[in-house]
Protein chains: 8
Amino acid sequence: MVDVAVICGSASDEAVAEKVFAKLQEHGVSYDYQVISAHRDPERLDGYVKGSDARVFIAIAGLSAALPGVVASKTERPVIGVPVSGKLMGLDALLSIVQMPKGVPVACVGVDNGENAALLAVRILGAGRA
Amino acid sequence: MVDVAVICGSASDEAVAEKVFAKLQEHGVSYDYQVISAHRDPERLDGYVKGSDARVFIAIAGLSAALPGVVASKTERPVIGVPVSGKLMGLDALLSIVQMPKGVPVACVGVDNGENAALLAVRILGAGRA
Amino acid sequence: MVDVAVICGSASDEAVAEKVFAKLQEHGVSYDYQVISAHRDPERLDGYVKGSDARVFIAIAGLSAALPGVVASKTERPVIGVPVSGKLMGLDALLSIVQMPKGVPVACVGVDNGENAALLAVRILGAGRA
Amino acid sequence: MVDVAVICGSASDEAVAEKVFAKLQEHGVSYDYQVISAHRDPERLDGYVKGSDARVFIAIAGLSAALPGVVASKTERPVIGVPVSGKLMGLDALLSIVQMPKGVPVACVGVDNGENAALLAVRILGAGRA
Amino acid sequence: MVDVAVICGSASDEAVAEKVFAKLQEHGVSYDYQVISAHRDPERLDGYVKGSDARVFIAIAGLSAALPGVVASKTERPVIGVPVSGKLMGLDALLSIVQMPKGVPVACVGVDNGENAALLAVRILGAGRA
Amino acid sequence: MVDVAVICGSASDEAVAEKVFAKLQEHGVSYDYQVISAHRDPERLDGYVKGSDARVFIAIAGLSAALPGVVASKTERPVIGVPVSGKLMGLDALLSIVQMPKGVPVACVGVDNGENAALLAVRILGAGRA
Amino acid sequence: MVDVAVICGSASDEAVAEKVFAKLQEHGVSYDYQVISAHRDPERLDGYVKGSDARVFIAIAGLSAALPGVVASKTERPVIGVPVSGKLMGLDALLSIVQMPKGVPVACVGVDNGENAALLAVRILGAGRA
Amino acid sequence: MVDVAVICGSASDEAVAEKVFAKLQEHGVSYDYQVISAHRDPERLDGYVKGSDARVFIAIAGLSAALPGVVASKTERPVIGVPVSGKLMGLDALLSIVQMPKGVPVACVGVDNGENAALLAVRILGAGRA
């Protein structure tokens, strides 16, 4: 069992994921890591999320960043979304992640801000323990 | 069998869908219509898309409009996405639909522009027949 | 003791807060509610946050929405921020809430999306219990 | 006869066109390629589009990217538009291509996303064959 | 012979055209008026522009406002473009009109600012006379 | 006497001015060139504009680009404004130049598009001669 | 002699000016009020600013809001600029006012925020007295 | 006692602070300098602002730039805010600083424009002396 499941939508998002790992390690939080595209590999994503016993998910994605929302639609655990910058400065990913429809909440952090995603996960894990 | 499958992400998007229906009817194109949220009802969406024999999909959604991209990830047929305006003038839905990652194409039309989605479907159906 | 502390930056944000209350009640989650401006009443905000035993904070604010970040700087519990729309469609509040510096995480949800703030709190409370 | 006609508005858009060619070749789709500015060479564009027997058009353009819309006004075949990034990150070309008036549909893909333009063409060609 | 040719891309742009007429009349400038869509009626536009002896063109359009640029590609006379506001506040039309490629200049005025289009035409006519 | 007066708001805008000069020379149009800030040297600007016999003004400026509007307020001749890109991609200068109040028209061209400013001046000079 | 000179660029900005007056009166600050367009009435503006003995200027303007910058170029006193919302939500005026070139500072407050302009003036007057 | 207190939200903002120092020195204005994060070190910020006898504050911050507003909530002296550019070109910091709620004024200058912050402080100090 791990505390946090970290999922990147693309291998090109790994620089942001590295920041997540560093912060989680610093706080002694265990995690699992996968690269799975919500768009290109929906079945594998479905299997991974449903099979995971992580208490918090961190989903990292750029462009039309559907990953965090799709993860949130497959679990009742909290999902943190990290928008990754690209040709439109990450505004596309930011709006895609934060403007979720009613009923499927995602916790969005700042563009490329892997550190805060990890720290938010740490707070959430602590809230449970309290 | 129908030519076009029209899917709204929410019942509140139906005003845009009505414009699609009117134009499809005008061109004698048959269609099926469903309201299915990509985020709130992913299993039903999966079943519907995979079970459909439509030759073109039109997906209509607002906010973090994941619907067109998710549909495109479940079929090899062309998918047309229509961004619906809301608190951010539809810019959120527009960027979510148009900025798809490489490998999963979506044909985006203008904000609330159901007419053009239908007319694009008509052209696509014609391109096949040619 | 309450599960969630809901804070509005201004009485004019209460329409969004009502959506939070409705969803929290629906899920049987207890909450406390305050209207405290981060800018106009910093001392009272400080006292309230430090004195609260809530496990999750929801901070609702428009314009230069400093409230969620200031709350997050005064507690180690998770803080959810809700941007409220105004003259700039809520883009000002959205960027103010989501673009937090490294070290002080805030979980941002969509513009005026009180429902999702409540549902994210419910998930976070659940993650703790699991 | 070719399957797809690829038109760039300017020789400076060729890097995006190269991505289109690579994907079309990968799928065994034949294509013709031209550089014709909608603004600087309207007569030649008119002649080319009307004389072409391509089943799908891909029009690549930056700035005030009128090319895809002008092509769509001269043919009944499907037209895919690819916005090219420049001083305004491609937002100018994106809005110019996607916000077409009612009656003249263009299928817009993401900024500089030549791969998806090609893949959308492949899907459209397949929809015809089905 | 007229001094100015005023062209709207759509009958729905006429409110802006009325402001142009009022100012031109105030300055005793003669004008001709047409509603011709660059996208839906390209042949008629071509004939009208090439057959006109107007010394200045004013082209009024919303959305993907190709009209001013297309007019400028068919004449060597000065072309003034007026972006018309719509679902995206006129930002789409503004960028479409102002971001013309090198070689085909358009004189863009403010969103819905028919008055200034007319006054700019008056100045241009005066510059010629001087 | 010169045909065109070219004014830069700052010496740092000269790269754009060079494009103007090249095109004007290509068309055999005479010009005068000055660097005068509307904000830092308003008296000198006033004297220069009022003393000039140029038939067209081209004003090049970045940031809060007041220069073209101020020039237009001091002459009845046509004024062309060129927004220069900077930290905000030139969007600040573009909006400052194009969104003029009623009564003081400025002809805005694209960001950094000195070529089109020159070509627009050429057309305006020709319109007078016609 | 007055403490503050309040200048609107247009009579249509008076609703914002009213908020300024109310706050200044509340703090017992004397003021003078004028409506003078920087673009349409530059001479009168010049005379007014140079002849005024006010210790602080508040300039209120929409669109391409050159007024605050022009005032700042004609006095060594502090100038506060208030952007007024219009067709582009006040983003045009906001960027025009805040993005001043080096050497001519303007103190920008929020869109339509006459109250804060007045309160900033009160603070500035107090800083002088201290 | 110093004339101006300069506060950076992060050591990474010091390049902008250097511009402030240079201009203040040029005008013979004394200043004190601190790096204090509004979010990460709120207590220290509180102590510093309340203990300072500076007549004007300059607060420099990027991202969700709460610093200027928080400083303004702890003093009655004028506060100048300088937005620092980052992944979103400084638009996030600009909106966070300029869109303050009624009652807590901040004087915003342009993105990274440390020079104008210093010059505005010089004017404010002069207004007091006048």
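User: In this predicted model, what rotation superposes chain C on chain A?
Analyst: The fit of chain C on chain A has an RMSD of 0.0 Å. The shift along the axis is 0.0 Å. That is how a two-fold axis relates copies. The rotation is 180°.

User: What share of the contact residues of chain C recur in chain A?
Analyst: Both copies use the same surface. The share of chain C contact residues that recur in chain A is 100%.

User: How far apart should the ends of helix 1 of chain A be, and how far apart are they?
Analyst: Helix 1 of chain A covers residues 14–26, which is 13 residues. At 1.5 Å a residue, the helix should span 18 Å. The model agrees, because the end C-alpha atoms are 18 Å apart.

User: Within what arc do the buried residues of helix 1 of chain A fall?
Analyst: The buried residues are Val16(A), Ala17(A), Val20(A), Phe21(A) and Leu24(A). An α-helix has 3.6 residues a turn, so residues three or four places apart point the same way. In helix 1 of chain A the buried residues line one face, because they fall within an arc of 145°.

User: Which exposed residues does the face turned away from the buried side of helix 1 of chain A carry?
Analyst: Exposed means over 50% relative accessible area. On that face of helix 1 of chain A, the exposed residues are Ala15(A), Gln25(A) and Glu26(A).

User: How many residues of helix 4 of chain C are buried?
Analyst: Helix 4 of chain C runs over residues 91–98 and is mostly covered. Among its buried residues are Leu94(C), Leu95(C) and Ile97(C). Of its eight residues, the number buried is seven.

Methods
Residues are numbered from 1 along each chain as its sequence is written. Chains are lettered from A and ligands numbered from 1 in the order in which they are written. This is a predicted model: local features need pLDDT of at least 70, side-chain atom pairs count only at pLDDT 80 or more; totals for chains, interfaces and linings use all residues. Side-chain values use heavy atoms; hydrogens and water are left out. Copies are superposed by least squares on the C-alpha atoms of residues with pLDDT of at least 70 in both. Contact means heavy atoms within 4.5 Å. Buried means under 20% relative accessible area, exposed over 50%, partly exposed in between (1.4 Å probe, protein chains only). Helices (H or I, at least four residues) and strands (E, at least two) are DSSP runs, numbered from the N terminus. The expected span of a helix is 1.5 Å times one less than its number of residues. The arc is that of the directions from the helix axis to the C-beta atoms.
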